[in-house]
Amino acid sequence: MSNKPIVLILLHNDSVEANKIAAQVCQQLSKAQVSICALASDKKLVQTQGFEIDEYIEGKSANPNLALVFGGDGTILRAVEVTRKSNIPVLGINLGHVGFLAEAEVEHIEDVVKAIVEHKWVEEQRLAIDVVVTKDSEIVFESFALNDVAIEKSEPGHMFDLILEIDGKPVSRLWGDGIVLATPTGSTAYAFSAGGPVVWPEVEALVLLPLAAHALFSDPMVIGADSEIAIDVESDEGVLSADGLRKFALKEKDRVVLTSDKSYINLAHIDAAPFTDRLVAKFKLPVDGWRGE
């Protein structure tokens, strides 16, 4: 592609390191005549000496070809709130810990800049979850999640009473700490810590995990992506959390309906390395002794 891309810069607002590295990358991209834009809040944080940054206003600005995110997985999840409706692919520079959603570490910044300038990145669609909460058949909350939706008790020491329904059929009444529904992307996050399986990103499925449930049937379940999961709240109160960011206080008789989102979320990579390599690298899995090449 001959035209230079438009890059949206998104930052971890509380990180001095993110601001510094973003400024360095912006300077390199600007020298290569790549157009740069940022939200008003992020634009103020990046030092703009020697290069221009346009303000990005969703629905009014030109649609960026790529969002470049500086931070950890939490920053990337927040960035998706900005990029999702415009379907902008997200490429993360990891400044956090594990950084499973991030494409590159800081030491590989030069490779990222080169790939952006040459417009050579690979886009990958990721399944998301659509969240609807109803009260007396009226919608009281709507959201989405790239990683997971957690429905949990709000007070320690009390069991959370839930009724689980899948595709219009009752599955189980669960007393415990709650339920987590994760996408393949989120299977390496909260769901993994709670004992769930790792699901490869290309698998069209959702992982459902009862949390510390007092029930004979409380193991993780892998559910088809076309299924509808409904959870009726039978306790006084609880909390719903989508990606740990968008929260809603649940009350008795609330009904939570979870389905696959009709639109996918795009992540970008500078190479097409298999998920297996990412899994081994991020979790530092022991592969010594492998006889392959």
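**Group meeting: a cavity and a buried strand**

Okay, the largest cavity here has a volume of about 40 Å³. Bear in mind that this is a predicted model. Searching the whole structure for cavities of 30 Å³ or more turns up one.

So what lines the largest cavity? You've got Thr83, Arg84, Asn87 and Ile88, and then Tyr264, Ile265 and Asn266. If you sort that lining by residue type, you get three nonpolar, three polar and one charged. Arg84 is in the charged group, since Arg counts as charged along with Asp, Glu and Lys.

Right, on to the other thing I wanted to show you, strand β13, which covers residues 178–182. Is β13 largely enclosed or exposed? Largely enclosed by the rest of the structure, because five of its five residues are buried. By buried I mean under 20% relative accessible area. And both faces are covered. On one side you find Gly178, Val180 and Ala182, on the other Ile179 and Leu181, and they are all buried.

Now, which strands does β13 pair with? Take β10 to begin with, residues 148–153: β10 and β13 pair antiparallel, over five bridges. If you want a spot to look at on your screen, find Glu152, whose bridge partner in β13 is Gly178.

Then there's β14, residues 205–211. β14 is joined to β13 by five bridges, and these two run antiparallel. Here the place to look is Val180, which stands opposite Leu209 in β14. Remember that Val180 is one of the buried residues, on the side with Gly178 and Ala182.

That's what I have, thanks.

Key:
Residues are numbered from 1 along each chain as its sequence is written. This is a predicted model: local features need pLDDT of at least 70, side-chain atom pairs count only at pLDDT 80 or more; totals for chains, interfaces and linings use all residues. Side-chain values use heavy atoms; hydrogens and water are left out. On a 1 Å grid over the protein atoms alone, a cavity is a set of points where a 1.4 Å probe fits but cannot get out, and a pocket is an open set with protein on both sides within 12 Å along at least five of seven lines; lining residues have an atom within 4 Å of a point. Grid points are joined across faces, edges and corners, and a volume is the space filled by probe spheres set on the points. Buried means under 20% relative accessible area, exposed over 50%, partly exposed in between (1.4 Å probe, protein chains only). Helices (H or I, at least four residues) and strands (E, at least two) are DSSP runs, numbered from the N terminus. Two strands pair if DSSP finds at least two bridges between them.
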